[in-house]
Every structure is written in structure tokens, then in C-alpha cells.
Amino acid sequence: MNTTLDSFSAAGSNMEDPSNPTITTNQNTNKEDEVDDEVWATFDNSFRQVQSVLDRNRVLIQQVNENHQSRIPDNMVKNVSLIQELNVNISKVVGLYSDLNSNFSTAYHQRNHNSKNNCKKA
């Protein structure tokens, strides 16, 4: 059991040695992993927002169709506001996808830039 503790102690002291390139690479990898996790969390959040709006649009379209089929004047008047909400939601989806595209592009270029810098350092 003492040898196991000694190996852990040795590993711990190597981790604190800034001249050890393996540890530096691991630290860079950890930072990249943290950034990747952050990027994926942002993407996941954006996709959830898009899906929520699309689900709402599905319900609105069903309501519009039902109102139209009923041919009841009041229901036809309700369709005006439902269709307006649909239009607003479509604009939201376009904006969310635009933001998602921008975030993805930025993350890709940063990752690409960082990997090129890491290759130059090695």
C-alpha cells in the first residue's frame, strides 16, 4: 500500500512541475474541454429554444386549420392573430438560427486558431 501512495505522491509532484510538457498539454486540453462544454451547452440551449418555438408553431397551425375548416366568422377573425403570432415566431426562429450559425462559426474559428497555435508551440 505504501508503493501506491508513493506513486500518487510522485504523480502529484509531477503535476505541479510547470516544465513537464505532458502536463501543460493536459492543462490546455482541460481548458479546451471546458470551452467545448460551454459551446455545446450554448448550442443545446439554442436548439431547445428553436424546438420550443417550432412546437408552438405546430399548435398554432393546427388551430388555424381547425378555425378555417369550421368556417365560423369569429374563428376566421381569430386566425388573423394566430397567423401574426406565427409570423413573429418564424422571425424568432430565423434569429435563433442566425445566432446559432454565428456562434458555431466563432467556435470553429477559435478552435481552429487554437489548434494551429498549439501545433506551433510543440
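## Exercises around Phe-43

Let's start with Phe-43, a buried residue whose relative accessible area is 6% (buried means under 20% relative accessible area, exposed over 50%, and partly exposed in between, with a 1.4 Å probe and protein chains only). The model is predicted, so local features need pLDDT of at least 70 and side-chain atom pairs count only at pLDDT 80 or more, while totals for chains, interfaces and linings use all residues. Residues are numbered from 1 along each chain as its sequence is written, and side-chain values use heavy atoms, leaving out hydrogens and water.

**Exercise 1.** Classify the pair formed by the rings of Trp-40 and Phe-43.

*Solution.* Step one is the rule: rings of Phe, Tyr and Trp (its six-membered ring) pair if their centres lie within 6.5 Å; planes under 30 degrees apart are stacked, those over 60 are edge-to-face, and the rest are tilted. Step two is the count: there are two aromatic pairs in the structure. Step three applies the rule: the centres of Trp-40 and Phe-43 are 5.5 Å apart and the planes meet at 80°, so this pair is edge-to-face.

**Exercise 2.** Place Trp-40 and Phe-43 in the secondary structure, and state whether Trp-40 is buried or exposed.

*Solution.* First, the elements: helices (H or I, at least four residues) and strands (E, at least two) are DSSP runs numbered from the N terminus. Next, both residues belong to helix 2 (residues 21-70), three residues apart, which is about one turn of the helix. Finally, Trp-40 has 56% relative accessibility and so counts as exposed.

**Exercise 3.** Describe the pair of Phe-43 and Phe-104, then find which residues form one aromatic cluster.

*Solution.* Start with the geometry: this pair is tilted, with 5.9 Å centre to centre and 40° between the planes. Then look at the sequence: Phe-43 in helix 2 and Phe-104 in helix 3 (residues 73-121) are 61 residues apart, so the pair links distant parts of the chain. Phe-104 is partly exposed, at 47% relative accessibility. Putting the pairs together, Trp-40, Phe-43 and Phe-104 make up one aromatic cluster.

**Exercise 4.** How far apart in space are Ala-107 and Val-39, C-alpha to C-alpha?

*Solution.* Begin with Ala-107, which sits in helix 3 and is buried, at 17% relative accessible area. Its C-alpha is 7.1 Å from that of Val-39, although 68 residues separate the two in sequence.
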